[in-house]
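Trainee: I've just opened this one and I'm not sure where to start. Can you walk me through it?

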Amino acid sequence: MHSMKEALERFKIVRLLVSIYRIRAVRALFPLAIIALVYWEGQHELKQVHLGRTLRELKDVPASSIFQMMGIALLAVAVMSAYDYLIRAHFKLKVSLWSTFRYAWIANTFNNLIGFAGLAGVGLRTLLYKKSGVSSAVLTPAIVFLSPLMITGLSLLSWGNIFGILPAAGLMQEHRWLVFAVWGMALYLPFFVFVQRSALYAKWINRGQGRTPWITVGSSVGASFLEWLFAGITFWSIGHHLLGGVHFVTIFSIYTIAAIAGILSMAPGGIGAFDLIALLGLTQMGYQTDQAMAVLVIYRLFYYLIPWLIGLVLAALEIGLQGRKMLERAAVGLEPSLNLWQKIWRWPGQYTFLSDLGVWALGKLVFASGLILLLSAATPELLYRLEITEKLLSFPIMRLSHHLSVLIGFMLILLSRGISLRIRRAYIWTSLSLLGGALFAFTKGFDYEEAIFLLVVGVILWISRARFYRVSAPVSRQSTARWLALTSVIAVIYYLLGSHVHRGFMKHLPPGIHPEWLQRHSNVAFTAASGLIFSWLLLTMFVTLRPHRDSEELSGPPEMDRLTQFLKKVPGNSLTHMLFLGDKSFYWAQDGQVLLPYSRVRDKLVVLGDPLGAKELINNAISEFRQAADKYGLSVVFYQATPAFLPVYHEQGYHFFKLGEEAMVSLETFTLSGRKNADLRSVNNRFEREGYQFEISQQPHSAVLIKELRSISGEWLGGRTEKGYSLGWFKEAYLQFAPIALLRQASGEVVAFATLVPGYDGGTTLSIDLMRHRKQAPNGTMDYLFIRLMEWAKGQGYQRFNLGNAPLSSVGQNAGALREEKLARLVFKKGGHWYGFSGLRRYKEKFGPEWEPRYLAYPASLQLPILTLDLVRLVSKHPEAEE
């Protein structure tokens, strides 16, 4: 019995550990622990690294060697396309050979640099292959097949380490934990082969077509082996040119061990763990730390960064060429004509594919252009180029070009955000900046490589110019603060790099050039600070002095007369009366046949209720409004949407969140008789005995009555601020639009009132808005007011009485509900301290209503928690309090 208890306790501990592992924060500690361990092992070597000497090693590399290393690195990246050709053959994907190579290059270079445990490559492959018409039923097994085979080649090389074919005994003896890492990686290969040949894998992945053939398993391992082999050859080639004649097997062995550490760290590109282990191995061979670091820098540049920049260009061309006009033509069924560039690349199918990846890639290209300009300005030019530039230009022009290059570098970094947001003016200023940057890169030191790169980016921008259609986009304080912090950090790095590096190069400058302004650290700091400050000043000036183009252009001021005439022809809803508050903007769509009333909060336009108009026009009206809002970088959200319009929102690609339920009392069946309504009957009898009087005041209401009601409202608020948007507030002009229900004491004093709201549905529904009473009003006052009000409405021919919304009612009750809805359910049950959610539901239940759900419809691109905070802010903000 005791042993059984111990076993149960151990099982509980195991379950606890599994639960802890599932927590993302704890899972993130594993790669951090690996990197920390590697850093601890290699901290002595890291202290020996001197940035200036490392850069001097890089400057001494001949141009011919650079081209050789670059060619081998690009070939190594191209070899990785074997993965995609493998799944193309195995799953019979109907994709051309050239398209397969492009998709492979984009996915592999993004995956190398960004990583996220392979998710970057998986996501991009899914995006690109779906664009070529590959169905999800075929693509999903292909991606699942591809993901686990990418490290089999490294596992095969690990066996080479174990059996001494790739000797790295010295490195593993000094750092014993690497032995376990190598063995763990080596054991992955037999596990992979076993899974590939299993019956379950044949059933789930091979779609019942039998076990994976041995030739496919061998091809899989072979494709992975080629990737790691050529990556190691790239590493050896760089070491051969920078370190002298190094033995291939020795360098390749170090590379294999470092790659295993990088995979275990799960960091993008193995950064940190790979570099430190490689540094330890190279220094153990007797090379200087600065020389070893130069090898790592070149390897990262040639194998990761430059191929990724090429991948950015391909991604921008692959998905970023389609313009908004082409998308509009495709939407109405017109086939876009192809220009010469498109015919050469033969991508006619891409122009109907909606994606932001192309523009995102363009933004990152512009960002990279800014960094390249700053890096070029922070490091000295080659000596022979300085001599050429000095002969062609005067030194003051070279110095001015240097300062302007820094300024334009910061400008490009800031403008990259506008490029990602597709802002037209950002495209114009970026194009000019790229042209100016190319010119000044040339005049400051004959840097034709940077100039060519900037011009290529400019050409790609020009090709994709139709993508930049937005007039403006909202800029938040948080976003501004983040970009200010980022550019400030870049400026500090520029200062540290520039001030540290130039000192080692001053003695090698040609005679006749006396760059005292480079020798002084304060001048490097001045260049960094002035570039940062002037770039922000220029950007602020562009934003401030540009023509006023705000989202207010979407609509004019609310026209109450037009709204009144519109509601005589078009049915409204229970929220339509809120439009007479004057705090909403009106968007008239479909030539004025559909009305979308909205308010703005940050980068969102929140429509109150469903659009008003003929139902057959609603879908096109929403598309029209979303397209107009998108010009300003705004998203359209529908607050308190009804079930009748959910199919329309679903067709628009919206997601839904249940906000609560609305209480609708059927006046035909409403009665005070029966045992269930005994409490209401008791309240009614008590107030009648005490002489309370019910009255309906028709508009226009007298100034005396308004003054008395204002006193009641102020007493009921008790100093609290009124809310807005979907809730009415005490506003005399608003109160004059509808009747008011009054409850008077026997003495004639008003103790409670409720403003009435017509349903704008032909006299079928009557609603209430403001409900307020004096503090000394007896218990049951509002019950009696509602009883008499519903009896009066029934006598007036109304069929339904709307008691209003019960927020979060019946939300998240089912086990399969969304996580956010389950959290809302918890707030509904436990949130009585802040708001009587459950109490409000119970109060309205006594009148026997039917409950109708209300929803929040929002684009999939928005995050629900942030949207919820924005909606709380919108409702809690009283518009007139800001006036």
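Mentor: Sure. Let's start with β2 and β3: they run antiparallel and are joined by four bridges. Keep in mind that this is a predicted model.

Trainee: Okay, which residue in β3 is the bridge partner of V601?

Mentor: That's K604.

Trainee: And how many residues sit between β2 and β3 in the hairpin?

Mentor: Two, and R602 in that turn has a positive phi of about 55 degrees.

Trainee: What about β1, how does it run relative to β2, parallel or antiparallel?

Mentor: Antiparallel, with five bridges joining β1 (residues 585-589) to β2. One partnership to look at is Y587 with L596 in β2. The β1 and β2 hairpin has four residues between the strands, and Q590 there takes a positive phi near 50 degrees.

Trainee: How many of the eight residues in β2 are buried?

Mentor: Seven, so strand β2 (residues 594-601) is mostly covered.

Trainee: Back to K604 for a sec. Is it buried or exposed?

Mentor: Buried: its relative accessible area is 4%, and the cut-off for buried is under 20%.

Trainee: Which side chain does K604 meet in a salt bridge at 2.6 Å?

Mentor: D870, with that distance taken from N to O. The pair links distant parts of the chain, since K604 is in strand β3 (residues 604-608) while D870 is in helix α37 (residues 864-876), 266 residues apart. D870 is buried as well, with a relative accessible area of 5%.

Trainee: Where does D603 come in?

Mentor: D603 also forms a salt bridge with K604, and the closest N and O atoms are 2.8 Å apart. D603 is partly exposed, at 26% relative accessible area. Put R602 into the picture too: R602, D603, K604 and D870 are linked in a network of salt bridges.

Trainee: Why would side chains like that pair up at all?

Mentor: Side chains of opposite charge can pair when their charged atoms come close.

Trainee: How many salt bridges are there in the whole structure?

Mentor: A search finds 15. Another of them is between the side chains of R774 and E749, at 3.4 Å from N to O. That pair links distant parts of the chain, 25 residues apart: R774 is in the loop between β9 (765-773) and α34 (781-795), and E749 is in the loop between β7 (740-744) and β8 (750-758).

Trainee: Are those two buried or partly exposed?

Mentor: One of each. R774 is buried, at 8% relative accessible area, whereas E749 is partly exposed, at 31%.

Trainee: Let's move to strand β4. What does S635 touch?

Mentor: Not counting residues up to four places away in sequence, S635 touches D603, K604, L605, P859 and L862. S635 lies in strand β4 (residues 635-641), and its relative accessible area of 18% makes it buried.

Trainee: New topic: aromatics. How many aromatic pairs does the structure hold?

Mentor: It holds 35. Take Y255 and Y299, which are edge-to-face, 6.2 Å centre to centre with 75 degrees between the planes. Y255 is in helix α15 (residues 248-265) and Y299 in helix α17 (residues 289-319), so this pair links distant parts of the chain, 44 residues apart.

Trainee: How covered are those two tyrosines?

Mentor: Both count as buried, Y255 at 2% relative accessibility and Y299 at 1%. For contrast in geometry, F638 and Y649 form a tilted pair, 4.7 Å centre to centre and 35 degrees between the planes. F638 lies in strand β4 and Y649 in helix α30 (residues 646-651), so that pair ties together parts eleven residues apart in sequence. F638 and Y649 are both buried.

Trainee: Which residues form one aromatic cluster with Y255 and Y299?

Mentor: The cluster is F235, W236, F248, F252, Y255, F274, Y299, Y303 and Y304.

Trainee: Which charged residue lies over the face of W462?

Mentor: R465, at 4.2 Å from the ring centre. K615 also lies over a ring face, that of F645, at 5.0 Å from the ring centre.

Trainee: Last one: where's L421, and what is it in contact with?

Mentor: L421 lies in the loop between α22 (395-420) and α23 (424-445). Leaving aside neighbours within four places in sequence, L421 is in contact with R470 and A473.

Methods
Residues are numbered from 1 along each chain as its sequence is written. This is a predicted model: local features need pLDDT of at least 70, side-chain atom pairs count only at pLDDT 80 or more; totals for chains, interfaces and linings use all residues. Side-chain values use heavy atoms; hydrogens and water are left out. Buried means under 20% relative accessible area, exposed over 50%, partly exposed in between (1.4 Å probe, protein chains only). Contact means heavy atoms within 4.5 Å. A salt bridge is a side-chain nitrogen of Lys or Arg within 4 Å of a carboxyl oxygen of Asp or Glu. Rings of Phe, Tyr and Trp (its six-membered ring) pair if their centres lie within 6.5 Å; planes under 30 degrees apart count as stacked, over 60 as edge-to-face and the rest as tilted. A charge sits over a ring if NZ of Lys or CZ of Arg is within 6 Å of the ring centre and within 35 degrees of the ring normal. Two strands pair if DSSP finds at least two bridges between them.
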